[in-house]
Amino acid sequence: MNDIGHALLTKIEIITDDWIGAIRTDIEIESAKGLAYKSVRNSIPYVVEALASLLSDSLKDKPKKLERKGLDHGIIRAEQGYDVAEIVREYSLLRTIIVSVLKSDLLSGSAEEVLSMIEVIDSVIDQVICWSLDSYLQQRLEELEEVRTQLLLTNEELERLIATQKEDLSELAHELKTPLNSIIGFSRLLQQQQQKVNENPDTSLNLELTEKVIKNGRQLLHLINNALEMSRYEAGKISLNLEPTNLRFLVRSIIETLEPSATHKNLEIKLDFDNAPEKMVTDPLRLRQIITNLVSNAIKYTDSGTITIRCQTENDDQWSLIVSDTGIGISKEDQSQIFNPYYRVNLKNRVIPDRTGLGLAIVDKIVKLLQGEINLVSTPGEGSIFTITFPVS
Ligand code: ADP
């Protein structure tokens, strides 16, 4: 039989590349999406190298190194937000790829030799999974302790607030944001912790409950953020910071953050700067909010097709931003109301998460503040086009 350890050593790069390709297309490893090649790769080549030395008679084994790499891997995956199932899954893909890449070398041996090699591969990978999960859980427990301390502190802060009887609701809402963030983080950790105990019959129920807490917590946070924003506009508390702004750079950076949710729904995002103004003055933070709200609506209310964001010069004094989608569209009656705070179109039996009815009301306020105008053309079943026209300076 060929020296399997040696064969493995020469194929580390192929295995690593095949494995990263498999991870990227695997729908069960959501956390790897958006991670750089190097971050996904992590210590896998070392694991394969150490496995090679265990498989080869001619190489000295390095179990200590393997253990250290396995432990490091778990810590890094915890930091990257992987859950337990994702770690187990990535190792199981690694096992499949190693066996398939070594196929011809394995087949050069007798059935007995093949079986014993596969046994070594299996047991090493199982051992590395155990090390990785050990350090992963340790890392999570430390985070959990940190969040708990934070939660206690914010709770004290809240009690102090209530004791001083602050009446300004918007201020209270502002203060509520911190504990809410903690609750969301806390439940996420809990959820990840619980995923490992799937033999416990109560776990699925607990998981369902924590998922509800996370979902409601996120929605509440979204609502509080929007309500806060709205109340600031209504109180006239927003001042503008006008400065020359690079439109392409701004739009691209917004799209980078929104793209994952579009990709998730298989929607294409197109940018068109062909006739964009060279120079313009605006408040980049406020403009960012307008674009974010319009584009996230376009993604939210579109099931298939394309979202297009176009910036174009209208004349010497004006430029416009056009966000169009191929989504569900808005009827004439609703078009006259959607800019009112808290107004949401009745979508019959459809459930679309995170609807507060405040996004467009905020857009409307900011557009007025920036002395712009907003125009909507929409056909139910075909899509919507939101055009905002701004002065160049
Ligand atoms: P919400 O948080 O509910 O999305 P918005 O103020 O952003 O709040 O929008 C108000 C309503 O207008 C939404 O609930 C939705 O019914 C409708 N709407 C907004 N944008 C679009 C769009 N691009 N396509 C279809 N309907 C939309």
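**Crossing helices and a ligand pocket**

Q: Which word fits how helices H4 and H6 lie to each other?
A: The axes of H4 and H6 (residues 84-101) come within 12 Å and cross at roughly 50 degrees; axes are lines fitted to C-alpha atoms, for helices over the stretch in contact, with angles from 0 to 180 degrees between N-to-C directions. Angles under 35 degrees count as roughly parallel, over 145 as roughly antiparallel, 65 to 115 as roughly perpendicular and the rest as oblique. So H4 and H6 are oblique.

Q: What kind of model is this?
A: Residues are numbered from 1 along each chain as its sequence is written, and side-chain values use heavy atoms, leaving out hydrogens and water. Local features need pLDDT of at least 70, side-chain atom pairs count only at pLDDT 80 or more, and totals for chains, interfaces and linings use all residues, as the model is predicted.

Q: Which word describes H2 relative to H4?
A: Take H2 (residues 12-25) and H4 (residues 44-55): their axes come within 10 Å and cross at roughly 135 degrees. That angle makes H2, relative to H4, oblique.

Q: Which helix supplies the largest share of the shell around the ligand?
A: H12 (284-300), H14 (359-369) and strand E7 (383-391) each supply at least two residues of that shell; helices (H or I, at least four residues) and strands (E, at least two) are DSSP runs, numbered from the N terminus. The largest share is 3 residues, and they come from H12.

Q: Which residues around the ligand come nearest?
A: There are 21 residues around the ligand, each with a heavy atom within 4 Å of it. The nearest are Asn 297, Tyr 301, Arg 355, Thr 356 and Leu 360.

Q: How far is a polar side-chain atom of Arg 355 from an oxygen atom of the ligand?
A: Polar contacts here pair N or O atoms within 3.5 Å. Asp 325 puts a polar side-chain atom 2.9 Å from a ligand nitrogen. For the Arg 355 side chain and a ligand oxygen, it's 2.8 Å.

Q: How much of the ligand's accessible area does the protein cover?
A: The backbone joins in too, with a polar atom of Gly 359 lying 3.2 Å from a ligand oxygen. On its own, the ligand has 530 Å² of accessible area (Shrake-Rupley method, 1.4 Å probe). The protein's cover comes to 98%.

Key:
A polar contact is a pair of N or O atoms within 3.5 Å; within protein, one must be able to donate a hydrogen and the other to accept it, and residues adjacent in sequence count only if both atoms are side-chain atoms.
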